[in-house]
Amino acid sequence: LLWGGILWAYIIGNACGIISTLDVATIAHRQRMDQLNYMMADQRLPTAMRVRLRAYFQAMRTMLKNDSYTALILQMSPQLQSEVSVQKSECLRTVSYLSVCGEKFVVAVTTRLSDTLYTPQESINFADSLMIVSRGVASRDGRAKTPGNTWGDDFILRNLELKDRAPSFALTYVDILSLSRESFYRILDNPNFGRERGIVRRACAYM
């Protein structure tokens, strides 16, 4: 009976350990929410602000999960990175000059995208970057921007006076993927992307 009880406890303990570590993202999210609750209580934040912060971190859950996926993709071989990144790079193909660039270049650009979450009615400031709506709805110059829509494709220009700096706002929680001008030209300096440099130069001249 003693050995049977020990074996049973051992089996149950291991089973519970396996189940509790199946969803790493959920565990990380719960730990993050626990830290947030402790911080808000320790800082004695008002109730209204606590509600807003909890809603923000709940909305940010998907974005943080995608960030962990990006880290996994970077550990893959170049061929696998290309295959996995094809779907994510589809939104970049809506930009006229990127639609005619090679797949390797577009995949390289995809790996440099950064993720930012905006709250409803928050202003999305001009950042001299290509902006892509990943999730949610934004408004730019009176027009709704839904997932897959982009703006700021004139970020390739050097002269700030020639760029469209129309105000943008988040209508819901909006997940924005952005590519800075500096990061884009750092990729473009790669000797393997000579054809793409010509495409971008022509696009700049056209604009």
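A salt bridge here is a side-chain nitrogen of Lys or Arg within 4 Å of a carboxyl oxygen of Asp or Glu. Keep that cut-off in mind as we walk through this predicted model, since one lysine will need it.

Let's start with the sheet. Four strands line up in the order β1-β7-β2-β5, forming an open sheet with antiparallel pairing. At its edges sit β1 and β5, each of which pairs on one side only.

Now look at β7, which covers residues 174–180. On one flank, β1 (residues 114–118) runs antiparallel to β7 and is joined to it by 5 bridges. You can check the register residue by residue: Tyr118 stands opposite Val174, and Leu117 has Asp175 as its bridge partner. On the other flank, β7 and β2 are antiparallel and share 6 bridges. Here Asp175 turns up again, this time as the bridge partner of Arg135, while Ser129 is matched with Ser180. As for burial, β7 is mostly covered, with 6 of its 7 residues buried.

Strand β2, spanning residues 129–135, is mostly covered too: 5 of its 7 residues are buried. Besides its bridges to β7, β2 pairs with β5 (residues 150–151) through 2 bridges, again in the antiparallel sense. In that pairing, Met131 is the bridge partner of Trp151.

Trp151 leads us to the lysine promised above, because Trp151 is among the residues that Lys145 touches. Lys145 belongs to strand β4, residues 143–145. Is this side chain buried or exposed, and what is the nearest side chain of opposite charge? Lys145 is buried, and the nearest opposite charge is on Asp164, 8.3 Å away. A salt bridge would need a nitrogen and a carboxyl oxygen within 4 Å, so Lys145 has none. Leaving aside residues up to four places away in sequence, the contacts of Lys145 are Val133, Gly136, Val137, Ala138, Arg140, Thr150 and Trp151.

Next comes helix α7, made of residues 181–188. Its buried residues are Arg181, Ser183, Phe184, Ile187 and Leu188. Viewed down the axis of α7, these buried residues fall within an arc of 165°, so they line one face of the helix. What do the buried residues of α7 pack against? Their partners are α6 (103–110), α8 (194–206) and β7, and β7 is the strand we met between β1 and β2 in the sheet order.

Finally, consider the cysteines. A disulfide is a covalent bond between the sulfur atoms of two cysteines. Searching the whole structure turns up 0 disulfides. Cys101 is in no disulfide, and the nearest cysteine sulfur to it belongs to Cys204, 12 Å away. Why does Cys204 not bond with Cys101? The 12 Å between the sulfur of Cys204 and that of Cys101, its closest cysteine sulfur, is too far for a bond. Cys101 has a relative accessibility of 6%, so Cys101 counts as buried, the cut-off being under 20%.

Terms used
Residues are numbered from 1 along each chain as its sequence is written. This is a predicted model: local features need pLDDT of at least 70, side-chain atom pairs count only at pLDDT 80 or more; totals for chains, interfaces and linings use all residues. Side-chain values use heavy atoms; hydrogens and water are left out. Buried means under 20% relative accessible area, exposed over 50%, partly exposed in between (1.4 Å probe, protein chains only). Two strands pair if DSSP finds at least two bridges between them. The arc is that of the directions from the helix axis to the C-beta atoms. Contact means heavy atoms within 4.5 Å. Lys and Arg count as positive and Asp and Glu as negative; His and the chain ends are not counted. A disulfide is a pair of cysteine sulfur atoms within 2.5 Å.
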